Amino acid sequence: MSLNDALKQRSLAHVWHPCTQMRDHAGANPELPLIPIRSAEGVWLTDFDGRRYLDAISSWWTNIFGHRHPAIVAALKQQLDTLDHVLLAGFTHEPAVELAERLVKLAPPGLTRCFYADNGSSAIEVALKMSFHYWRNSGCTRKTRFIALTNSYHGETLGALAMGGPSIYRDTYAPLLLQPIYVPSPDCYERAPGQSWEDYTRQRFRLMEETLARHADEVCAVIIEPLVQCAGGMRMYHPLYLRLLREACTRHRVHLIADEIAVGFGRTGRMWGCDWAPPDPRATDAQPGITPDFMCISKGLTGGTLPLAATLTRDEIYDAFYADYREGKAFLHSHSYTGNPIACRAALATLDLFESEQPLAQNRLLAELMWRQTAELRALAHVAEVRQQGMILAIEMARNARSKEPYPASERRGLRAYRHALSAHPDFGVLLRPLGNVIYFMPPYVITPREIEQLCTIALAAVREATRD
Ligand SMILES: *Cc1c(COP(=O)(O)O)cnc(C)c1O
């Protein structure tokens with residue numbers, strides 16, 4: 001038996017894999033091949049037989065500077081020689097302090113307080129609890145609900161899952177979950193033929209405005225993914241929505257939670273999704289970008305090496321919790337590994353790379369190249385749309401590209417593309433884990449023009465294969 005097969009068997013005997021129907025891995029010719037990875041470097045993963053896979057989705061959007069980046073590896077080794085872990089309640093340490101300082105400098109202006117968690121879902125839980133608790137501490141006990149967008153995704157723990165739109169992730173657990181007030185997403189895939197993104201977004205925003213007007217007195221916060229609803233199929237909307245929403249939240253006294261877990265750290269072409277908001281036309285110092293009341297970050301934060309997350313917020317929120325202990329206003333939330341020093345060190349090394357490598361400028365060229373290299377793909381009969389925002393490029397396959405009639409989910413077209421991309425080429429595979437009928441690229445920023453060419457060639461073949469009847 002090959003080393004690949006041996007590890008596969010051991011994995012299937014005891015590991016319950018995430019987000020997986022385990023039976024898809026069963027048998028000699030499984031629906032979904034399980035791939036044992038032995039090592040990784042840059043954008044490449046290597047299995048036990050020496051076959052290489054281009055990690056076109058940055059291992060679930062986490063790995064922004066390539067695998068085992070030497071600068072991050074060195075920083076981790078050094079940190080391990082000094083301090084492994086210490087609780088962050090009653091104690092503090094340099095990596096957590098320095099990271100908070102630097103995140104505050106990097107974040108939209110006004111986000112001055114940093115609360116750590118160890119995964120994205122937990123950062124969302126923190127924001128939801130803090131928002132509710134802020135209103136409570138401020139004597140506003142009627143505010144107990146949240147507004148969320150349809151087609152959104154905010155994680156898997158019960159609070160975060162509840163904020164996601166109805167979906168295969170959420171529906172099973174619906175009886176257990178908080179019920180947000182849903183507002184239809186500004187997702188521009190749904191716009192009428194010929195309508196501009198900006199027009200459609202402005203039109204959709206009216207539904208948000210109406211909902212805020214009706215429910216503001218019972219609502220703690222609106223939660224959104226800025227610009228791109230990633231798990232919802234990389235659906236995108238015009239940044240005008242962010243400006244309008246910021247203004248409306250302030251006017252209605254409702255918090256704005258920006259879930260930057262997927263789009264943060266340069267993925268959309270600017271550091272934060274929130275940075276794309278057009279300037280407020282009434283402001284004298286008309287600057288682009290908005291400041292949410294809470295900003296949740298994770299995924300790219302450690303360059304894809306270790307789990308870490310943070311929820312950033314404003315002084316005004318922090319101050320509502322700051323009181324004599326006996327007033328019972330403190331935020332009594334914690335995770336065992338809150339602010340783990342090794343993870344914080346990885347994050348600091350990642351932030352250093354943003355300074356030394358200036359990836360955002362380079363990414364503009366790579367993003368243009370991705371667009372140019374997908375010209376043939378855009379012309380395929382069953383491709384309804386190819387959309388792009390910075391280093392995210394999504395290909396929407398549909399039964400009828402003109403009417404956008406989707407392929408039924410049961411046909412698992414995306415999975416067909418996935419399998420083809422992994423196995424068809426004799427020299428290497430491409431990892432293109434789909435979202436339903438959507439194939440997307442979300443590569444590490446260190447991908448080279450040559451690798452983009454390879455990626456696009458394989459993706460073209462994979463989409464052709466998946467849309468063959
Ligand atoms: C991945 C993701 C989360 C959840 O983060 P986990 O670390 O997987 O818990 C939340 N929101 C968005 C937008 C995400 O993409």
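In this predicted model, Arg267 lies in the loop that runs between strand 10, covering residues 255–259, and strand 11, covering residues 294–297. Although Arg267 is buried, it forms no salt bridge, and the nearest side chain of opposite charge, that of Asp55, is 8.7 Å away. Since a salt bridge calls for a side-chain nitrogen of Lys or Arg within 4 Å of a carboxyl oxygen of Asp or Glu, the distance of 8.7 Å to Asp55 does not qualify. The side chain of Arg267 does, however, reach the backbone oxygen of Pro443, at 2.8 Å. Leaving aside residues up to four places away in sequence, Arg267 touches Ser58, Ile64, Ala262, Gln389, Gly390, Met391, Ile392, Met442, Pro443 and Tyr445, and Pro443 is thus both a listed neighbour and the residue whose backbone oxygen the arginine side chain reaches.

A second loop residue can be followed in a similar way. Thr305 is found between strand 11 and strand 12, the latter covering residues 309–314, and Thr305 is partly exposed, with a relative accessible area of 34%. The side chain of Thr305 reaches the backbone oxygen of Thr302 at 2.8 Å, while its contacts, again not counting residues up to four places away in sequence, are with Ile72, Leu76 and Ala346. The C-alpha atoms of Thr305 and Val73 are separated by 8.9 Å, although these two residues are 232 residues apart along the chain.

The chain as a whole gives these local views their setting. It has 14 helices and 16 strands, and its radius of gyration is 22 Å, close to the 23 Å that the globule rule gives for 469 residues, so the chain is as compact as a globular protein of that length. Along its principal axes the C-alpha trace spans about 65 × 60 × 45 Å. Of the 469 residues, 53% count as buried, and among the contacts with a separation of 6 or more, 70% are accounted for by residues 24 or more positions apart.

The cysteines remain to be considered. How many disulfides does the structure hold? The structure holds 0 disulfides, and two of the cysteines can be examined in turn. Cys188 is buried, with a relative accessible area of 1%, and its sulfur is 15 Å from the closest cysteine sulfur, in Cys230, which is too far for a bond. Cys456 is likewise buried, with a relative accessible area of 3%, and because its sulfur is 19 Å from the closest cysteine sulfur, again in Cys230, the distance is too far for a bond.

Terms used
Residues numbered from 1 in each chain as written. Predicted model: local features only at pLDDT ≥ 70, side-chain atom pairs only at ≥ 80, totals over all residues. Heavy atoms only, no water. Disulfide = S-S within 2.5 Å. Buried < 20%, exposed > 50% of the residue type's maximum accessible area, 1.4 Å probe, protein only. Helix = DSSP H or I, 4+ residues; strand = E, 2+ residues; numbered from the N terminus. Lys, Arg positive; Asp, Glu negative; His and termini not counted. Polar contact = N/O pair within 3.5 Å; in protein donor to acceptor, adjacent residues only side chain to side chain. Contact = heavy atoms within 4.5 Å. Rg over C-alpha atoms; globule rule 2.2 N^0.38 Å.
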